[in-house]
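This briefing is a first tour for a reader new to the structure. Look at the picture below, then work through the points by topic.

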Amino acid sequence: MPTPAEPKPANPTLTARIRKNFPSAERAFSLEVEFGAAPGFTILFGPSGSGKTTLLDCVAGLATPDAGRIAVGGRVLFDANASTNVSVAKRGVGYVLQDLALFPHLTVEQNTEYGLTHLPRALRKERATAMLQEFRIEHLRQQRPAEISGGERQRVALARALVTDPCVLLLDEPLAALDAATKSKILDDLRRWNQAHRIPILYVTHSREEVFALGERVLVLEQGRIIAQGTPHEVLRAPLQETVAQLAGFENIFDATVWLVHEDRGTITCRLPGDKAGTFVLLETPLIRAEAGSLLRVGIRAGDILLAIVKPEGLSARNIIAGKLVSLERRDMIIFARVNCGIEMEVHLTLAARDTLNLMPGKEVWLVIKTHSCHLMQH
Ligand code: ATP
């Protein structure tokens, strides 16, 4: 049975230094992170297997770190040196997973009250009712999980985690299985809840949209290490690392050599090796501190490239590159075009653009890329 957590600290900033090894994993894995999470959303972003769930499990007490310290405000949840390891039930940590099973035999209300068994019945009911209202599922209180939708089930899971008044909330892709409209309504409710309660929320997602919708801060994990952190804008709009660029949706990433530095124009010309030996493509990118000959990577979002069927003139864009359409593929409402201009680039278009421009494989086209749509990264 759940027991009450200790009183909530006044300034519940989460600080964690965690080392956790899985020597027996298929490929030995070690998580080694140190971070602070102030009240509000901190997004954990990273490829599959980078250690996001392991990190949450360590904070929740479901996994025991080999070394480190985890504290919320002044309250220590785990300290390897002091042999402190507060039990899961006493940590005061709410945890919601993508497919957290609600108790199927309990009603929505009973599921929500589950963590409150230490309270008198009337108080339990009062708290659960307030939470069900907050997540707009009060009308479902007598239903069982099998009788409600996936979105409603996730609202119940959130209500059940939050009704205990946790000092930290952990959300592991809680909305991944939901459609966009349901997701955005639940995100609104979560944002509202966060503004009223201000506790650290660690939120794992693979969705760029969720990062920008919720994120005050982002931590990017790769192979058990934090490789980037900052605001969503700092981390995803101008990524320095290729992993972050891929996560941030840069469909086109190429090797590049700094060719000419135009201090006066605020740009540099980069040379990208072409698909055929001895060929290359020139690209004008923003000025960075780099010398001619330096090796870089350049990332361009497929949605940032314009496509024209006659050579455009009088444009401010510095890169107008001739190419040939290789393929067009429709996925949902987006056309994924591949264009060979010496290198192959992915370009995203609307259905209307495809039809108006009468695009088809083999057609001669021009790619138009603004200097500032070319993002330079470390090699
Ligand atoms: P995903 O986005 O796919 O959920 P993740 O970033 O959450 O991935 P984790 O689930 O934390 O990644 O896993 C990180 C690594 O640790 C993986 O290589 C995994 O195989 C390994 N691992 C996780 N739990 C255990 C365990 N109990 N025993 C052994 N290895 C484990």
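Start at the ligand: one of its oxygen atoms is 2.5 Å from an N or O atom in the side chain of Ser-48. The model is predicted. From the ligand, the briefing moves to the domains and then to two sheets.

**Around the ligand**

- The ligand is surrounded by 12 residues.
- The closest are Ser-48, Gly-49, Lys-52, Thr-53 and Thr-54.
- Helix 1 covers residues 52–60. This helix gives the most to the shell around the ligand, with 3 residues.
- Lys-52 brings a polar side-chain atom to 2.7 Å from an oxygen atom of the ligand.
- Gly-51 makes its approach through the backbone: an N or O atom there lies 3.0 Å from an oxygen atom of the ligand.
- On its own, the ligand has 640 Å² of accessible area, and the protein covers 62% of this.
- As background, the size of an interface is often given as the accessible area lost when the parts come together.

**Domains**

- The domain assignment of the protein chain gives domain 1 as residues 14–247.
- Domain 2 is given as residues 252–377.
- Between the C-alpha centres of domain 1 and domain 2 the distance is 39 Å.

**The sheet of 6 strands**

- This sheet is open, and its strand order is 7-8-9-3-10-11. The pairing is mixed.
- Strand 7 (93–97) and strand 11 (225–230) are the edge strands. Each of them pairs on one side only.
- From one strand to the next, the twist averages 20 degrees.
- Helix 4, residues 150–162, packs on the sheet. It touches strand 7 and strand 8.
- The direction of helix 4 makes about 165 degrees with that of strand 7.
- Strand 8 (residues 168–172) and strand 9 (residues 200–204) run parallel and are joined by 4 bridges.
- Opposite Tyr-203 in strand 9 stands Leu-171.

**The sheet of 5 strands**

- A sheet with the strand order 16-20-17-18-19 is also open. Its pairing is antiparallel.
- Which strands are at the edges? They are strand 16 (306–308) and strand 19 (344–350), and each pairs on one side only.
- Neighbouring strands here are turned by 45 degrees against each other on average, direction ignored.
- Strand 20 covers residues 364–369 and runs antiparallel to strand 16, with 3 bridges joining the two.
- Leu-307 stands opposite Leu-367 in strand 20.
- Ala-308 has Trp-366 of strand 20 as its bridge partner.
- How many bridges join strand 17 to strand 20? There are 6, and these strands run antiparallel. Strand 17 spans residues 319–331.
- Gly-323 has its bridge partner in strand 20 too: Val-365.
- In general, strands of a sheet pair through backbone hydrogen bonds, either parallel or antiparallel.

How values were computed:
Residues numbered from 1 in each chain as written. Predicted model: local features only at pLDDT ≥ 70, side-chain atom pairs only at ≥ 80, totals over all residues. Heavy atoms only, no water. Pairing = 2+ DSSP bridges. Axes fitted to C-alpha atoms, helices over the stretch in contact; angles between N-to-C directions. Contact = heavy atoms within 4.5 Å. Domains from an automatic or database assignment. Near = heavy atom within 4 Å. Polar contact = N/O pair within 3.5 Å; in protein donor to acceptor, adjacent residues only side chain to side chain. Areas by Shrake-Rupley, 256 points an atom, 1.4 Å probe, with all protein chains shown as cover.
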